[in-house]
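Colleague: Before I set up any calculations on this chain, I would like a close look at one part of it, namely the open sheet and what lies around it. Please take me through that part with care, and place it within the rest of the chain.

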Amino acid sequence: LTGGRIAPMTTTAAARAERLARARKEQGERGVDALLLGPSADLAYLTGYHPPHLERMTLLVVPAAGDPRLVVPALEAPLARDQLGELEIEVAAWPETDDPVRLVAATLAAAGATGGQLGVGDQLWSTFLLRLQEALPAAGFVAASTVTRQLRMRKDPEELAALARVAAAIDGVVEGLDGLRWAGRTELDLARDIEEAIRDSHDRFCFAIVASGPNAASPHHGASGRVIQPGDPVVVDIGGRLDGYCSDTTRTLVVGEPPAGFQELYALLHAAQLAGCAAVRPGVPASAVDAACRDPITAAGHGELFVHRTGHGIGLEEHE
């Protein structure tokens with residue numbers, strides 16, 4: 001990390017160029033004349049650039065017919081060019097007194113897309129979208145994820161390798177959990193220890209949920225000053241980033257001897273997990289896997305407590 005920013009991805013320029021080509025092909029098939037992507041995982045996926053989220057507009061314009069252009073504030077242009085590396089994309093730097101929307105409109109006009117269907121990044125701030133809509137009254141606007149999700153859900157070889165590296169990194173953190181002292185310390189104390197271990201093995205620390213005793217019933221509990229006691233179950237949900245890709249792992253531990261009834265409930269959850277794994281195969285919808293996990297828990301009388309979906313995708317985002 002430098003200045004708190006995300007370390008650049010290590011994907012090759014050739015891989016990113018291939019992703020841009022696939023994006024254009026997907027745009028053509030879906031009738032999207034151009035993509036307009038602000039700071040987001042979509043922009044990073046296509047270019048390798050992780051821009052800061054600023055009040056100044058940064059926008060990647062990818063016409064279905066025409067060359068892509070990265071519109072950035074002038075003060076961010078050196079970082080953009082550095083992270084783009086050998087990827088051939090024009091960086092259009094706008095000075096503080098200029099209007100970036102003008103550059104975007106000019107890029108779309110050159111591609112004949114000012115009156116077309118524009119795929120806008122799902123995470124683009126409304127202040128930017130409203131200005132674009134005002135400047136491009138003849139255009140239609142749809143979510144860019146109609147295009148980008150088709151690309152990002154299928155990981156290429158470089159992504160698979162990156163995910164394997166970050167998974168191994170968080171596995172190393174998990175393996176060290178039983179070496180920490182738990183009883184008599186607060187959740188915050190343990191969260192700080194885990195954060196340090198994640199920082200040692202990742203480029204960036206993202207989160208460390210430590211939820212003990214009754215707090216473990218809240219999936220996204222924030223570590224508190226509660227002192228962990230012998231016999232407490234503790235849910236640990238942790239993750240970071242390495243080479244731009246995310247880790248996200250949850251484990252349930254018990255400090256000393258488990259409380260009465262805990263082992264039976266844990267066995268039920270384990271059986272549900274195995275049922276979900278057995279249901280996974282090509283062509284099966286995620287809802288069917290979720291149902292396979294949910295059914296045994298519902299049959300045991302605990303269905304109303306299943307408040308979280310069974311799982312989620314992972315990649316450039318923790319929830320992808």
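**The open sheet and its surroundings**

Modeller: Of the 320 residues of the chain, 43% count as buried. The model is a predicted one, and its confidence is best stated before any detail: the pLDDT averages 94 over the chain, with 97% of the residues scoring at least 70. The stretch to treat with caution is residues 1-5, where pLDDT stays under 50 and for which the model has 7 contacts beyond four places in sequence.

As for the overall frame, the chain holds 10 helices and 10 strands, and its C-alpha trace spans about 70 × 40 × 35 Å along the principal axes. When contacts between residues at least 6 apart in sequence are considered, 61% of them join residues at least 24 apart.

The part you ask about is an open sheet of 6 strands, which follow one another in the order β4-β3-β2-β1-β5-β6 with mixed pairing. The edges are taken by β4 (90-94) and β6 (140-143), and because each of these has a single partner strand, one side of each is left without a neighbour in the sheet. From one strand to the next, the twist averages 25 degrees.

Within that order, β1 (residues 34-37) and β2 (residues 59-63) pair in the antiparallel sense, with 4 bridges between them. One register point can be given by name: Ala34 has Pro63 of β2 as its bridge partner. Across β1 and β2 lies helix α1 (residues 13-30), which runs at about 60 degrees to β2. A charged side chain can be placed here too, since residue numbering puts Arg19 within the span 13-30 of helix α1, and Arg19 lies over the face of Tyr45, at 4.3 Å from the ring centre.

Turning to the aromatic side chains, the count of aromatic pairs comes to 2. One of them is formed by Trp125 and Phe128, which are stacked, with 5.9 Å centre to centre and 20 degrees between the planes. The two residues of this pair fall into separate classes of accessibility: Trp125 counts as partly exposed because its relative accessibility is 38%, whereas Phe128, with a relative accessible area of 6%, is buried.

To place the sheet within the rest of the chain, it helps to look at a second pair of strands, β7 (residues 204-212) and β8 (residues 233-242), which run antiparallel and are joined by 8 bridges. Strand β7 is mostly covered, with 7 of its 9 residues buried, and Phe207 has Gly239 in β8 as its bridge partner.

Further along the sequence, Ala267 has its place in helix α9 (residues 262-279), and its relative accessible area of 44% makes it partly exposed. Ala267 and Cys206 are 61 residues apart along the chain, and their C-alpha atoms are separated by 30 Å. Another charge over a ring is found with Arg294, whose charged end sits over the ring of Phe306, 3.8 Å from its centre.

Notes: Residues are numbered from 1 along each chain as its sequence is written. This is a predicted model: local features need pLDDT of at least 70, side-chain atom pairs count only at pLDDT 80 or more; totals for chains, interfaces and linings use all residues. Side-chain values use heavy atoms; hydrogens and water are left out. pLDDT is the predictor's confidence in each residue, from 0 to 100. Contact means heavy atoms within 4.5 Å. Two strands pair if DSSP finds at least two bridges between them. Helices (H or I, at least four residues) and strands (E, at least two) are DSSP runs, numbered from the N terminus. Axes are lines fitted to C-alpha atoms, for helices over the stretch in contact, and angles run from 0 to 180 degrees between N-to-C directions. Rings of Phe, Tyr and Trp (its six-membered ring) pair if their centres lie within 6.5 Å; planes under 30 degrees apart count as stacked, over 60 as edge-to-face and the rest as tilted. Buried means under 20% relative accessible area, exposed over 50%, partly exposed in between (1.4 Å probe, protein chains only). A charge sits over a ring if NZ of Lys or CZ of Arg is within 6 Å of the ring centre and within 35 degrees of the ring normal.
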